[in-house]
Amino acid sequence: MANIRVLILGGTSEARGLAQALSGKAGFDILLSLAGRTEKPSSQPVPVHIGGFGGAEGLASFLRDGKFHLLVDATHPFATRISANAEEAARLSGIAAFALRRPEWVQQPNDHWFVANSIPQAITALGSVPRRVFLATGRQEAHCAEVAPQHFYLVRSVDPVTPPLDVPNVEYILERGPFDLDSEIALLKRHRIDAIVAKNSGGAATYAKIEAARRLGIEVCIVARAAAPAVMTVETVDEALGAIDHLFPPAMERGV
Ligand code: NAP
């Protein structure tokens, strides 16, 4: 029997982890797709496709033309357009699909969270009095802060924010996670941060800032996720591997 062809929509550590696990599995051909946003993407363990497909129809054609058997949407929980496209493309092409989505963070005792529905709402929630804000939303939406130029912003992103923010008081850090608790506490103290704006991304790699805020009694304006995916969803790489075994039983069970 021909190899099982799997397209993984990536841009997350889970996508990379799943690609790594499947790359060592006989009978599978894996292609990992990245949007191409980061200047220096992490190295990947399987062949990579860079760039968009041209919407849901384009992705459906790509799946059909490439004779794929399975689509795994392992994109970031806040990458909503590609996830909607993935659902629609699976429907249009009739190809099996599921989402790999890490669980969101849950507020703990001593967390001071304001839960917002969007980054603009989180920025507004900072109030009119000038504050010292750690803006940890990533560079794509950092410009939302320009509506509140009274605050100081410490902006952390993988690639530079271009153009720079049109606010008088801003500093930039270029860094890729994972981040650890001690360095996050030191960062927040060094910049005398009194509020954090962050997405509820979930996962361990960027959780340290949430824990650091808890330790230091700092408010977190946290942006909630949009609706959960409509397709079947698993939370971990191991669960994804289990789902794949279920969909495509190992060769001996298939009688190959
Ligand atoms: P988005 O708004 O949901 O997607 C915008 C467009 O980018 C999509 O319509 C698609 O273009 C293309 N695209 C997105 N992900 C792709 C992928 N994995 N492979 C091929 N094309 C892709 O996405 P975004 O929020 O800009 O995020 C872009 C990428 O960065 C995602 O892959 C995501 O996993 C990763 N990421 C996002 C965040 C975040 O906070 N949003 C954080 C960390 C990593 P076409 O319609 O032309 O196919």
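Okay, let's start with one ring: F68 is buried, at 6% relative accessible area. Before I go on, keep in mind that this is a predicted model.

So what sits around F68? One partner is F62, and the two form a stacked aromatic pair, with 5.9 Å from centre to centre and 15 degrees between the planes. F62 itself is partly exposed, at 24% relative accessible area. Why isn't F62 called buried? Because buried means under 20%, and F62 comes out at 24%.

There's a bit more going on here. Ring pairs join F53, F62 and F68 into a cluster. And R5 lies over the face of F68, 4.6 Å from the ring centre. There's another arginine over a ring as well: R132 lies over the face of F152, at 4.0 Å from the ring centre.

Now, how many aromatic pairs does the structure hold? Three. One of them is W105 with Y207: their ring centres are 5.5 Å apart and their planes sit at 55 degrees, so this pair is tilted. Where do those two residues live? W105 is in the loop between strand 5 (96-100) and strand 6 (112-116), while Y207 is in the loop between strand 10 (195-199) and helix 6 (208-216). That's why the pair ties together parts that are 102 residues apart in sequence. Are these two buried or exposed? W105 counts as buried at 8% relative accessibility, and Y207 is buried too, with a relative accessible area of 19%.

Let's zoom out to the whole chain. You can find eight helices and twelve strands in it. The radius of gyration is 20 Å, close to the 18 Å that the globule rule gives for 256 residues, so the chain is as compact as a globular protein of that length. If you lay the C-alpha trace along its principal axes, it spans about 65 × 35 × 30 Å. And of the 256 residues, 43% are buried.

Here's a nice pair to find on your screen. E57 is in helix 2 (residues 55-65), and it counts as exposed at 51% relative accessibility. Now look for A26. How far is E57 from A26, in sequence and in space? They are 31 residues apart in sequence and 31 Å apart in space, going C-alpha to C-alpha.

Next up, pockets. Rolling a probe the size of a water molecule over the atoms shows where empty space is left. I'd like to talk about the second largest pocket, which has a volume of about 290 Å³. Its lining has 18 residues, and R101, A226, A227, A228 and P229 are the ones nearest its centre. Which element gives the most to that lining? Helix 3 (residues 80-93) does, with four residues. As for what the lining of this second largest pocket is made of, it divides into nine nonpolar residues, three polar and six charged.

Last topic: a few backbone details. Where are the cis peptide bonds I want to show you? One joins T162 and P163, with omega at about -10 degrees. P163 is in the loop between strand 8 (152-157) and strand 9 (170-174). Another cis bond joins G177 and P178, and there omega is about 5 degrees. P178 lies in the loop between strand 9 and helix 5 (181-190).

Then have a look at phi. K67 has a phi near 55 degrees, which is a positive value in a residue other than glycine. You'll find K67 in the loop between helix 2 and strand 4 (70-73), and K67 is exposed, at 62% relative accessible area. N110 also has a positive phi without being a glycine, near 75 degrees. The place to look for N110 is the loop between strand 5 and strand 6. Is N110 buried or exposed? It's exposed, with a relative accessible area of 58%.

One last thing to try while the model is open. W105 lies in the loop between strand 5 and strand 6, and N110 lies in the loop between strand 5 and strand 6. W105 counts as buried, whereas N110 is exposed. Go and find both, and thanks for listening!

How values were computed: Residues numbered from 1 in each chain as written. Predicted model: local features only at pLDDT ≥ 70, side-chain atom pairs only at ≥ 80, totals over all residues. Heavy atoms only, no water. Phe/Tyr/Trp six-rings, centres within 6.5 Å; stacked < 30°, edge-to-face > 60°. Buried < 20%, exposed > 50% of the residue type's maximum accessible area, 1.4 Å probe, protein only. Helix = DSSP H or I, 4+ residues; strand = E, 2+ residues; numbered from the N terminus. Lys NZ or Arg CZ within 6 Å of the ring centre and 35° of its normal. 1 Å grid on protein atoms, 1.4 Å probe; cavity = no way out; pocket = protein on both sides within 12 Å on 5 of 7 lines; lining within 4 Å. Points joined across faces, edges and corners; volume = space filled by probe spheres on them. Nonpolar A, V, L, I, M, F, W, Y, C, P; charged D, E, K, R; others polar. Rg over C-alpha atoms; globule rule 2.2 N^0.38 Å.
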